[in-house]
Amino acid sequence: MVECGMHVFIGKILLAFVALGAGVNLLAQPSPPSNIILSSGVPGGGYWNAGDRIKEVAMSELGLSVENAASRGSRDNLQKLLDVNSPVSLAFAQADVVQYYLNIRGPGAVNQLELIENVGEECVFIITGRKSDIRDEADLEEAESLRLGIASADSGIAATFDYMSSWLTGLLDISVRYGNTLPLMKQLNDPGAPVDAVMTVHRPRELSPEVEYALSHPSDYRFVELDGDRLLQKLWDGRKVYRSMQLAMPGLEEPVNTICVLGLLLANKYKLTLAQRNRLSELADYHWMKVYVTR
């Protein structure tokens, strides 16, 4: 009986240490912040404006606090979302940027992500001068010493080009110059032009400065045709990364043939409480039309 009592006593001590250890571990885990931090985009841009609408609707309809934080774009957003040391728990990102990141990090990274909602499509626009021989993606791959202007190495545009290059290997020979692409574009027809084409990515009906300038000078510029027939890769959820589209553009007699990719609102489910995740699901299911009108 004494030996049995001793075993019970020791067992209680061990249970106490286990409970204490569990309590210490719980204390060591950082608590999700009371407000959700959304990494959106450049102030005044499409993602930034959508972030402001999410902030307003989440508070007015659900009493959910969301902070709209500026960023450099999809790649920056995704890095912050998956960084355990970053407070960002919600982010916008292009689907191809997400898949490119997952291909590098490994498929395990997808376990941290929760898709809240689609936020419309982003389309690729590559513009050349009137004298250029570059007319489609095959020409892009076969061109020698081609120089391409892209706004920033941190942008979703750059990440889209990186992802395309990972499958269309001829694009790896293209030299990318980063900087303000509108001035570069205005020099495309000059003999000493610093680039041979510029690339931008945005919603189908948006008119970026580059696209607007090309449309206002239709005899001086050409949109490179992209059909996506060789870009058949799929996202982690089974959908195709890109889809081909014919876009009617103001002032052009023929539509622009290009490829488009979904924009996504993603959460890091390990940075949110269950109540916050449920509120975000409710936002997407019942209030999304107040937040984001896809075009």
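In helix 8, the residues Glu210, Val211, Ala214 and Leu215 are buried. Viewed along the axis of helix 8, these buried residues fall within an arc of 130°, so they line one face of the helix. The elements against which the buried residues of helix 8 pack are strand 4, helix 7 (181-186), strand 7 and strand 8 (221-223). The model in which this arrangement appears is a predicted one, and its protein chain comprises 10 helices and 10 strands. Of the 295 residues in the chain, 47% count as buried, and, among contacts between residues at least 6 apart in sequence, 76% join residues that are at least 24 apart.

Strand 7, one of the elements that receive the buried residues of helix 8, holds threonine 200. With a relative accessibility of 7%, threonine 200 counts as buried. When residues up to four places away in sequence are not counted, threonine 200 touches Cys123, Val124, Phe125, Ile157, Ser208, Glu210 and Val211; of these partners, Glu210 and Val211 are listed among the buried residues of helix 8.

Strand 7 and helix 8 also take part in the largest pocket, which contains about 730 Å³ of space. The lining of the largest pocket consists of 29 residues, of which Val42, Gly45, Ile157, Val201 and His202 are the closest to the centre. Two or more lining residues are given by each of helix 2 (46-62), helix 6, strand 7 and helix 8 (209-216), and strand 7 gives the most, with 4 residues. Divided by class, the lining of the largest pocket has 15 polar, 9 nonpolar and 5 charged residues. Ile157, one of the residues closest to the centre of the pocket, is also in contact with threonine 200.

The largest nonpolar core has 43 residues, and the members that touch the most others are Ile126, Leu140, Leu148, Met199 and Tyr242. Two or more residues of this core come from each of helix 3 (74-82), strand 3 (90-94), helix 4 (95-105), strand 4 (113-129), strand 5 (147-150), helix 6 (156-167), strand 7 (197-202) and strand 10 (256-268). Among the contributing elements, helix 6 supplies the largest share of the core, 5 residues. Apart from this core lies another, of 23 residues, which includes Leu38, Tyr47, Ala50 and Ile54.

Within the largest core, the surroundings of leucine 140 can be described in more detail. Setting aside neighbours within four places in sequence, leucine 140 is in contact with Ile126, Ile134, Leu146, Leu171, Ile174, Val224 and Leu226. One of these partners, isoleucine 174, lies in the loop between helix 6 and strand 6 (175-178), and its relative accessibility of 9% means that isoleucine 174 counts as buried. Beyond residues up to four places away in sequence, isoleucine 174 touches Leu148 and Phe161 as well as Leu140 and Leu146. Isoleucine 174 and arginine 147 are separated by 27 residues in sequence, whereas their C-alpha atoms are 5.9 Å apart in space.

Serine 145 is located in the loop between helix 5 (137-142) and strand 5. The phi angle of serine 145 is near 60°, a positive value in a residue other than glycine. Its relative accessibility is 67%, and serine 145 therefore counts as exposed, in contrast to isoleucine 174, which counts as buried at 9%.

Two further helices complete the description. In helix 3, which is among the elements that give two or more residues to the largest core, the buried residues are Ser74, Arg75, Asp76, Asn77, Leu78, Leu81 and Leu82. Because 7 of the 9 residues of helix 3 are buried, this helix is largely enclosed by the rest of the structure. Helix 9 (residues 274-286) contains alanine 284, which counts as buried at a relative accessibility of 8%. Leaving aside neighbours within four places in sequence, alanine 284 is in contact with Ile116 and Glu117. Between alanine 284 and leucine 265, which are 19 residues apart in sequence, the C-alpha to C-alpha distance is 9.8 Å.

Key
Residues numbered from 1 in each chain as written. Predicted model: local features only at pLDDT ≥ 70, side-chain atom pairs only at ≥ 80, totals over all residues. Heavy atoms only, no water. Core = buried A, V, L, I, M, F, W, Y, C linked by side-chain atoms within 4.5 Å. Buried < 20%, exposed > 50% of the residue type's maximum accessible area, 1.4 Å probe, protein only. Contact = heavy atoms within 4.5 Å. 1 Å grid on protein atoms, 1.4 Å probe; cavity = no way out; pocket = protein on both sides within 12 Å on 5 of 7 lines; lining within 4 Å. Points joined across faces, edges and corners; volume = space filled by probe spheres on them. Nonpolar A, V, L, I, M, F, W, Y, C, P; charged D, E, K, R; others polar. Arc of directions from axis to C-beta.
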